[in-house]
Amino acid sequence: MTAQITALMTGQDRCEIVRDQIAAILLAESAEQQVLATKGVVSYTRAGDSDYTARSTAVLSQVGVYTVTAGTLVDGVGEWTAEAPDGSTDSFTSSAADDALVFGDLGMTLEVTDRDTPWQTADVIAVTTYDPAQWKLRVFTERTNPWQVWESAPDQAHVDATPLVSVAFQREDFDRAKSDTFEKFHADARFAVDCYGYGKTTATVAGQDPGDAKALSEGLRAARLARRILMAAHYTRLGLTGTVGARFVESVDRFPAELEERFVQHVRAYRLLLAVSFSETSPQVEGQPCEQTSGVVRNGDSGEVFLRHTQAFGS
Amino acid sequence: MDLRSVAAADLATTVEGDGVAVIVTDPDGASAELTGLAADVGALIDPETDTMVSGRQATVTLRVASLTAAGMGVPVGIAETASKPWRITVADVEGTTHDFAVGRAFHDRTIGVVTCMLEGYDPT
């Protein structure tokens with residue numbers, strides 16, 4: 001029994017594993033999307049029958065659209081120019097059809113592949129980049145007031161102003177009809193994914209950028225990211241195939257107003273209620289053959305009857 | 001002296017007798033240094049559960065007569081983005097200066113006082 005008692009005290013229930021997995025998915029996907037945002041999305045307008053593809057391999061330094069336009073390029077050889085989102089331009093010379101397109105001044109490199117029919121004059125390539133911060137989330141599990149970091153009312157650009165997500169286990173209901181008596185118990189669990197947004201009123205040239213509106217926007221953005229990530233087809237089983245049967249966002253609720261009455265720090269929060277189905281298990285006993293059982297019954301001096309029982313198991 | 005005049009005199013002593021320096025700036029940029037009561041606390045009472053919760057709430061209380069004498073109007077919360085908010089600059093007990101915007105204002109016309117609920121403000 002010693003081994004079984006240890007099993008009771010160690011490890012996690014599935015509800016804890018799923019909770020931690022939800023947080024891990026949000027954190028990992030947030031980080032991954034930030035990296036992808038820095039690379040930009042490449043699109044083309046091609047002239048003639050050119051069939052190259054290109055992708056950005058460098059971290060682009062500006063948010064917006066980089067437009068690469070053809071100069072005097074003929075069959076991949078010649079001069080090109082590119083215009084950055086801030087209007088600055090850069091040019092390069094391509095001496096061979098398979099050259100990567102390097103725009104040093106713009107901090108951009110386009111890796112060109114599949115060059116059966118290379119760059120043509122008048123080809124236009126556009127690279128759209130995004131602000132990685134739009135995908136940034138700070139993720140917690142089972143915290144009651146992670147937003148207290150905003151008590152000092154930090155500036156909006158401060159890292160602490162990033163939206164917060166706290167994942168908490170709420171409850172699980174067991175379905176007797178879908179369970180067996182011994183080991184597996186079908187559970188329908190609810191997890192609260194609380195998304196907090198923060199805003200600080202900022203002066204603008206025209207007037208002000210209100211903190212409450214920013215907090216609302218940030219909270220909604222965090223909730224939108226969390227819902228889209230968790231409901232993405234890639235996470236149908238939350239990365240726990242064989243354990244998780246299904247997941248579903250049942251509701252998105254705005255938090256009660258009292259959270260918003262911390263007036264110096266504008267905070268808006270939304271709660272995603274995520275339902276997840278999986279099986280909980282119970283510790284099982286590995287049986288051992290009993291080689292001998294015996295008992296000795298004797299009468300005590302007081303007339304009370306005693307039984308001495310012994311069992312012998314294999315080594 | 002009627003009762004209201006007595007209350008107004010008491011108000012001047014209460015609000016400004018032991019008050020702190022408060023710089024008030026209106027949406028047009030006009031400002032004045034007044035004396036008022038300032039509070040900045042980090043513990044609130046949850047109205048639903050009556051339990052103490054963390055959360056920062058800052059207020060200043062000013063005498064309307066002093067605002068008027070300084071040529072200022074009465075602060076209000078301004079929602080529109082095309083206007084600057086009413087701004088308050090006040091130092092805490094350690095001497096650190098904080099910039100706030102007026103989020104809400106409670107104007108008590110009976111006794112002539114206004115209490116401003118303050119929110120964090122980045123003036124840059």
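Is A:Leu238 counted as buried or exposed, and how many C-beta neighbours does A:Leu238 have inside 10 Å? A:Leu238 counts as buried, because 21 C-beta neighbours lie inside 10 Å. A residue is buried if 20 or more other C-beta atoms lie within 10 Å of its own, exposed if 12 or fewer, and partly exposed in between, with C-beta atoms placed from the backbone.

This is a predicted model, in which local features need pLDDT of at least 70 and side-chain atom pairs count only at pLDDT 80 or more, while totals for chains, interfaces and linings use all residues. Residues are numbered from 1 along each chain as its sequence is written, and chains are lettered from A and ligands numbered from 1 in the order in which they are written.

**Chain A as a whole**

Select chain A and colour by secondary structure: there are 3 helices and 17 strands. Helices (H or I, at least four residues) and strands (E, at least two) are DSSP runs numbered from the N terminus. Of the 315 residues in chain A, 27% are buried. Among contacts in chain A with a separation of 6 or more, 62% are between residues 24 or more positions apart. Two residues are in contact if their C-beta atoms, placed from the backbone, lie within 7 Å.

**The five-stranded sheet**

Next, show S9, S10, S11, S15 and S14 of chain A. In that order these 5 strands form an open sheet with mixed pairing. Its edge strands are S9 and S14, each of which pairs on one side only. From one strand to the next, the twist averages 25°. Two strands pair if DSSP finds at least two bridges between them.

Within this sheet, pick S11(A) and S15(A), which pair in the antiparallel sense over 16 bridges. To locate the register, label A:Ala187, which stands opposite A:Phe278 in S15(A).

**Helices across the sheet**

Add H2(A), residues 14-39. Its 26 residues should span 38 Å at 1.5 Å a residue, and the end C-alpha atoms are 37 Å apart, so the two agree. The expected span is 1.5 Å times one less than the number of residues. H2(A) lies across S9, S10, S11, S14 and S15 of chain A and runs at about 150° to S10(A). Axes here are lines fitted to C-alpha atoms, for helices over the stretch in contact, and angles run from 0 to 180 degrees between N-to-C directions.

The buried residues of H2(A) include A:Val18, A:Ile22, A:Leu26 and A:Ala37, but also A:Arg14, A:Arg19 and A:Glu29. Their cover includes S9, S10, S11, H3, S14 and S15 of chain A.

Now add H3(A), which lies across S10, S11, S14 and S15 of chain A at about 150° to S11(A).

**The core**

Select A:Ile22, A:Val165, A:Cys195 and A:Ala226, the residues with the most contacts inside the largest nonpolar core, which has 59 residues. Such a core is a set of buried Ala, Val, Leu, Ile, Met, Phe, Trp, Tyr and Cys residues joined through C-beta atoms within 7 Å. Centre on A:Val165: leaving aside neighbours within four places in sequence, its contacts include A:Leu26, A:Leu137, A:Val193, A:Cys195 and A:Ala226.

**Two loop residues with positive phi**

Most residues other than glycine have a negative phi. Return to A:Leu238, where phi is positive, about 55°, although the residue is not a glycine. A:Leu238 sits in the loop between H3 (211-230) and S14 (244-254) of chain A.

Then go to A:Glu142, where phi is near 55°, in the loop between S9 (138-141) and S10 (164-175) of chain A. A:Glu142 is partly exposed, with 13 other C-beta atoms within 10 Å.

**Where chain B meets chain A**

Show chain B: 26 of its residues are in contact with 22 residues of chain A. The strands of chain B that give two or more residues to this side are S2 (31-45), S3 (52-63), S5 (97-108) and S6 (113-122). The largest share, 6 residues, comes from S6(B). By type, this side of chain B divides into 11 nonpolar, 9 polar and 6 charged residues. Ala, Val, Leu, Ile, Met, Phe, Trp, Tyr, Cys and Pro count as nonpolar, Asp, Glu, Lys and Arg as charged, and the others, Gly among them, as polar.

Zoom in on S12 of chain A, residues 201-203, which runs parallel to S6(B) and is joined to it by 2 bridges. A:Thr201 stands opposite B:Tyr121 in S6(B).

Finish at A:Gln265, in the loop between S14 and S15 of chain A. A:Gln265 counts as buried, with 24 C-beta neighbours inside 10 Å. Among the residues that A:Gln265 touches are A:Trp150, A:Tyr198, B:Arg56 and B:Gly120.
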